[in-house]
Amino acid sequence: MSRDPRYDILFEPVRIGPVTARNRFYQVPHCTGIGWTQPETLARLRGIKAEGGWAVVATEETEIHPSADCEPFHEGRLWDDRDIPALAMTADAIHEHGALAAIEIMHHGGSVANWGTRLAPMAPSHRPIIYNYPVQARAMDKQDIRDLRRWHRDAALRSKKAGFDIVYIYATHDLSIAQQFLERRKNDRTDEYGGSLENRARLLRELIEDTKEAVGDTCAVAVRFCADELMGDAGLTHDGEARDVIGMLAELPDLWDVNISNWPNDSQTSRFAKEGFQEEYTRFVKQLTTKPVVGVGRFTSPDTMVSQIKRGVLDFIGAARPSIADPFLPKKIEEGRIDDIRECIGCNICVSSDYTSTNLRCTQNPTMGEEWRRGWHPEIIPPKKSDGSVLVVGAGPAGLEAALAAARRGFEVHLAEATSELGGRVTRESKLPGLAEWARVRDWRVDQLERMDNVSIYRDSALEAEHVLEFGARHVAIATGSVWRRDGVGRDSGFPIFDGPLVYTPDDIMSGRDPEGGPVIIWDDDHYYMGGVIAELCRYAGHEVVLVTTAATVSAWTVNTLEALPIAKRMARMGVEVVPYTSVSGFEGGSATLTSVLTGETTDRPAAALVTVTGRLPIDGLFEDLRDRWAEAGIASVTRIGDCWAPSTIQQAVYSGHKWARELDEAPEILIPRELPMIESGRLKMTE
Ligand code: ADP
Ligand code: SF4
C-alpha cells in the first residue's frame, strides 16, 4: 500500500536549529517508571519508537544534579560523567533508526523532596515542596543560581557527549525550576530574579542562552513551556503571562514544545478530554515565533494531524501516549495502513507506571516495556514452532489479543464467544459515561482478526467442556472473564453479607438493570474507576446517589492515572454524595448500615438499592470441567488467561493474552530477565 497524498505534509522534513527532523512526528519527553534504573530496557524502548518512524524521540525528564532527585519516581539521571554511557545507549538506539535523539534535562527545584539524596531542595522562595512530602525548599541565593546554571550547562555538555541532537530546557508541568521562577505565586524575590515578568523570566532566558552557548553549534535547543496552568490569574495563562514570556523569548530557542500545565492537565484521560483538547491554549504560540512548534493532544487521527499543520497550529505532531499505544504510528500512516493504527484509549495506565515507579505498560500495546526484558517487538512476532490449531474461548480483551497474537504467529485460530457481541468487558464498560474510547481495545483487534484468513470467529457460541474436547484444537485458552461479586466480599469484608433483589452489581447496572427509586448507595471497595462511573450513570438516570468508600477520596487509585481530582470534582458537581472512611456493613429493607472506619460508629441511611463494587470472581467453570479430561483428549494445553485466571485491569488481560500466545509452544520461563545492579566493589556473592 502507498501513502495517501493527503498525508504527505506530515512527512515533510523540518529544520530545528542545526539539525533536521525527517518528518513531523515527534515523540515528546515522557516518563516510563524506568528512568535511570534500567538503561538497556529504556534504550530498547526508545529505539523501537525510532524504528516506528518518529523523527524525534525524546528521553524522560533527566535530573542534572543530586539536588534534583525525583525519588521515589524513577526519572533519567545525568548527575555526572558516569551517567553518560547509559544515556548514550539510548541516543545510539534512536540513531540506529535514523531519528533525532532529544534529552529533557531538568532541575525540579521546589517540586522534589530529594528523598534519596537527602539534600535540602531549592526554590526561588521559601515554600513547601509541591508534592506531599513534609519538606520545604529553601530560597536560593545568588550563588545557588550560579551553581544551577553551571549544573545545567554541564548537563547540556554531557548530553552532547552522549550523542543527543536536541537538548531541552524544561519549564512546564509545575515541576521545573525555570517555571517556578516565572510563577508569581512561587516567587516573592526582590532581586533581579523576582518582581516584574522580565525579572521572573530571567533564569529561563539565561538557561536558554547558556545551553545555546555550550552546545548550540551542533545541538538544537528546545524549550518545553507551559502555555496555560488552567488556574486563571493565579498562574500563567495563554492570554496573559505565558503569552508574554513566549513573546519575549520567541526567537531564542530553536524549538517551542508547548502544553498545558500541570501533568494532570496535560495528560487528561479520554474520560475528561478528547483528541486535540490543548489547541485553544497553544495555538497562539506559532503566531509569536518563526521557530518550529510542537504540541500534544493525544493525536491518533492523521486527518486531525494534517489539520493541525495546515491551520498553522503546530509544526510537529507531538505524542507521548499515542507513541506508547502504537510505536509504529508514523510508519503506518507512511505506508497507507491507517486501519492498522492501534489508537490510544486515553486510560492513563501508562502514567500509573511512573506514579508507582514500575516499568511502563499500556492497555493497547502489550509489548510496551517488554522490548528488552522479553525481546518483544510491537510489530514482529516469531512464527509458530509447532503445528495444530488454537481455540480461544471468550472474546474479551484477553481472548481477542490471544487470538490475534496466535494468528500472527501463523496458527490456525478459532475464537468462540458466548454472546453476539465481541469485546467482553470493554464492550460493556465502553458504554459507561466517558469510557467510549475504550472500545478501541475491541475494535482494533476485531478489525485485524477479520482481515486474517487463518482466523474463524464464532459468535453466539457458549462452549461447554464437550465442545472443547471434541473440537480438535492443540492449544486452548480459556478467556471467559470474571463476574462482579454481589455478596460484598472484598478488601473491607472477608465475609459474604449482602443478598436479595435490591443488591446490584456493576454487571447488573451495565446490562441495563436500573434500580428503582433512590437513594442508590454505591459501596466502592474497589477504589478504581468503576464505583465512580456507576455513580455517574445512576445520577444521569435521575437517582439520588451516595458513594461510600473506606478510602479518603472517591476512586482513590485513580491518583495514579491523574484522575482523582477530576473525578472528585465531577462527583461534587453532579451532586453525588461521597462518604469517605466508611464501609457498608449491612443492607436490609430499604436501609443501609454504614460504619465509620475512623470511630467505629454505625449509622443507618435510607437506601432503595445497594450497588456492591467490591471484588470479582473468575468464571472458570469451563476450565474446571476440562481439568482432568483434556490431556486424554489429545489437547497439548488448556490455559486460563485474563480475568478468568485472575481478575485485574484490562491492560493486564491484554498482556496475559499476548503472553500466552507468544509462549504457547516455548519452554516455560524460569527466570524473569532483569537488569542487575552493578556492584561497584566488584564483589559478587553467589547465593545459588
Ligand atoms: P477478559 O478481560 O479476561 O478478556 P472478559 O470478561 O472481558 O474477560 O471476557 C470474557 C468473554 O468470554 C465474554 O465476552 C463472555 O461472554 C465470554 N465467555 C464466557 N464464557 C464463555 C464460554 N463458555 N464460551 C464462549 N465464550 C464465553
Ligand atoms: Fe493510551 Fe492507555 Fe496505552 Fe496510556 S496505557 S498509551 S493512555 S492506551
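In this predicted model, strands β21 and β22 run parallel and are joined by five bridges. One of the residue pairs involved is isoleucine 521, whose bridge partner in β22 is valine 546. On the other flank, β21 (residues 520–524) pairs with β27 (residues 609–613), again in the parallel sense and over five bridges. Here isoleucine 522 has valine 611 of β27 as its bridge partner.

These pairings belong to an open sheet of five strands with parallel pairing, ordered β20-β27-β21-β22-β23. The edge positions are taken by β20 (503–504) and β23 (577–579); each has a single partner strand, so one side of each is left without a neighbour in the sheet.

How many of the five residues of β21 are buried? Five of the five are, so the strand is largely enclosed by the rest of the structure. In a regular strand, side chains alternate between the two faces of the sheet. In β21, Val520, Ile522 and Asp524 point one way, while Ile521 and Trp523 point the other way, and all are buried. Both directions thus include an isoleucine: Ile522 in one case and Ile521 in the other.

Helix α20 (residues 529–540) lies across β21, β22 (545–549) and β27, and runs at about 170 degrees to β22. The loop between α20 and β22 contains alanine 541. With a relative accessibility of 43%, alanine 541 counts as partly exposed, because the class covers values between under 20% for buried and over 50% for exposed. Its C-alpha is 15 Å from that of glycine 434, a residue 107 positions away in sequence.

**Backbone features**

Two cis peptide bonds and two non-glycine residues with positive phi are listed below.

| Site | Feature | Angle |
|---|---|---|
| Glutamate 71 – proline 72 | cis peptide bond | omega about 10 degrees |
| Glycine 518 – proline 519 | cis peptide bond | omega about -5 degrees |
| Histidine 173 | positive phi | phi about 65 degrees |
| Leucine 230 | positive phi | phi about 55 degrees |

Proline 519 is located in the loop between α19 (506–510) and β21, and the cis bond before it is made with glycine 518. Proline 72 is placed in the loop between β4 (56–63) and β5 (76–77).

Histidine 173 is found in the loop between β10 (166–171) and α4. Is histidine 173 buried or exposed? Its relative accessible area is 7%, so it falls under the 20% limit and is buried. Leucine 230 sits in the loop between β11 and α7. At 36% relative accessible area, leucine 230 is partly exposed.

**Threonine 62**

Strand β4 also contains threonine 62. This residue is buried, with a relative accessible area of 0%. Beyond its neighbours within four places in sequence, threonine 62 is in contact with Gly76, Arg77, Leu78, Leu87, Ile103, Glu104, Ile105 and Met106. Two of these contacts, Gly76 and Arg77, are the residues of β5 (76–77).

**Helices α6 and α7**

Two packed helices are described by the angle between their axes and the distance between the axes. For α6 (residues 202–215) and α7 (residues 241–249), the axes come within 11 Å and cross at roughly 35 degrees. The crossing is right-handed. Which residues make the contact? On the α6 side they are Leu204, Arg205 and Ile208, and on the α7 side Val245, Met248 and Leu249. By class, the contact residues are five nonpolar, no polar and one charged.

The buried residues of α7 are Glu241, Ala242, Val245, Ile246 and Leu249. Viewed down the axis of α7, these residues fall within an arc of 140 degrees, so they line one face of the helix. Val245 and Leu249 are in this buried set and also take part in the contact with α6. The cover over the buried residues of α7 includes α6 together with α4 (177–182), α5 (197–200), β11 (220–228), β12 (255–260) and α10 (285–288).

Note on methods:
Residues numbered from 1 in each chain as written. Chains lettered and ligands numbered in written order. Predicted model: local features only at pLDDT ≥ 70, side-chain atom pairs only at ≥ 80, totals over all residues. Heavy atoms only, no water. Axes fitted to C-alpha atoms, helices over the stretch in contact; angles between N-to-C directions. Helix = DSSP H or I, 4+ residues; strand = E, 2+ residues; numbered from the N terminus. Left-handed = near helix turned anticlockwise from the far one by under 90°. Contact = heavy atoms within 4.5 Å. Nonpolar A, V, L, I, M, F, W, Y, C, P; charged D, E, K, R; others polar. Buried < 20%, exposed > 50% of the residue type's maximum accessible area, 1.4 Å probe, protein only. Arc of directions from axis to C-beta. Pairing = 2+ DSSP bridges.
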